[in-house]
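Visitor: I'd like a close look at one part of this model, please. Take me through the sheet and whatever packs around it.

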Amino acid sequence: KRVAILISGGGSNMLRLVDEMRAGVIDAQPVLVLSNKASAGGIAKADALGIPTRVLPHTDYTSREDFDAALHDELLAAKPDVICLAGFMRILTPEFTAKWEGRMINIHPSLLPLFRGLHTHRRAIEAGVAVHGCTVHGVTAELDDGPIYGQAVVPVTADDTPDTLADKVLVQEHRLYPAVLAKFCDDETPRVAMTGL
Ligand code: GRF
């Protein structure tokens, strides 16, 4: 399988997916790492790993539709079987997601359907939940709403801050995302449950 990974930042999730593909744990190869930010640290890391990279600055486009159209063209050129959003901080239009629905997955730092959107760790602490975590789901027109393919859970302790909680969740993201992608690339419908408790 051919996998494209979309990032906006450091790309720690992208690196884990690439490592597991290169190790043969995931039956796939990374064919593109694309970022909407030229400053994304993950682009330099992907370059160093010899993976084709592209930067598509969203600031170069006057509308969300125009950016998504350019993104679609880049993806058509890479011919991926699966697209992984990994710390990709763009909301995609329904027209775009419809073209890739069923082949595009995302990792979100909460136990969906709880805490869709941003600032999930602060919101989890404010809500007083005892468990928090991350979800890998299919991307649909609705934000953070598609079919759930896997979740990993961490405890929330009284001394947690949004940063300490984010660190705990990120450790689990790095376990969960490769496990889900491996099944997805074997044409299985993943349902992965992991505990970091
Ligand atoms: C992390 O906060 C993670 O929860 C979310 O995107 C952020 C950056 O991830 N998925 P990465 O290090 O760029 O993969």
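In what order do the strands of the open sheet come, and is the pairing mixed?Guide: Sure, and bear in mind that this is a predicted model. The open sheet has 8 strands, in the order β3-β2-β1-β4-β5-β6-β7-β8, and yes, the pairing is mixed. At the edges sit β3 (53-55) and β8 (192-195), each of which pairs on one side only. Going from one strand to the next, the twist averages 15°.

Let's start with β1, residues 2-7. Of its 6 residues, 5 are buried, so β1 is largely enclosed by the rest of the structure. Its partner β2 (residues 29-35) runs parallel to it, and 6 bridges link the two. If you want a spot to zoom in on, find L6, which stands opposite L34 in β2.

Now hop along to β6 (residues 131-138) and β7 (residues 148-155). Here the strands run antiparallel, joined by 7 bridges, and H132 stands opposite V154 in β7.

Two helices pack on this sheet. Helix α2 (residues 41-48) touches β1, β2 and β3, and its direction makes about 155° with that of β3. Helix α3 (residues 64-78) touches β1, β2, β3 and β4 (82-85), with its direction at about 165° to that of β2.

While you're here, have a look at how some helices pack on each other, with α6 (residues 162-185) as the common partner. Helix α1 (residues 12-22) packs against α6 at an angle of about 40°, the axes being 9 Å apart. That angle makes α1 oblique to α6, and the crossing is right-handed. On the α1 side the contact uses S12, N13, R16, L17, E20 and M21, while α6 brings in L170, E173, H174, Y177, P178 and L181. Sorted by class, that contact has 6 nonpolar, 3 polar and 3 charged residues.

Helix α5 (residues 120-127) meets α6 too: their axes come within 8 Å and cross at roughly 115°. The two are therefore roughly perpendicular to each other, and α5 also passes α6 in a right-handed crossing. H121, R122, A124 and I125 of α5 make the contact with P162, L165, A166 and V169 of α6. The classes here come to 6 nonpolar, 1 polar and 1 charged.

Notes
Residues are numbered from 1 along each chain as its sequence is written. This is a predicted model: local features need pLDDT of at least 70, side-chain atom pairs count only at pLDDT 80 or more; totals for chains, interfaces and linings use all residues. Side-chain values use heavy atoms; hydrogens and water are left out. Axes are lines fitted to C-alpha atoms, for helices over the stretch in contact, and angles run from 0 to 180 degrees between N-to-C directions. Helices (H or I, at least four residues) and strands (E, at least two) are DSSP runs, numbered from the N terminus. Angles under 35 degrees count as roughly parallel, over 145 as roughly antiparallel, 65 to 115 as roughly perpendicular and the rest as oblique. A crossing is left-handed if the near helix is turned anticlockwise from the far one by less than a right angle, and right-handed if clockwise. Contact means heavy atoms within 4.5 Å. Ala, Val, Leu, Ile, Met, Phe, Trp, Tyr, Cys and Pro count as nonpolar, Asp, Glu, Lys and Arg as charged, and the others, Gly among them, as polar. Buried means under 20% relative accessible area, exposed over 50%, partly exposed in between (1.4 Å probe, protein chains only). Two strands pair if DSSP finds at least two bridges between them.
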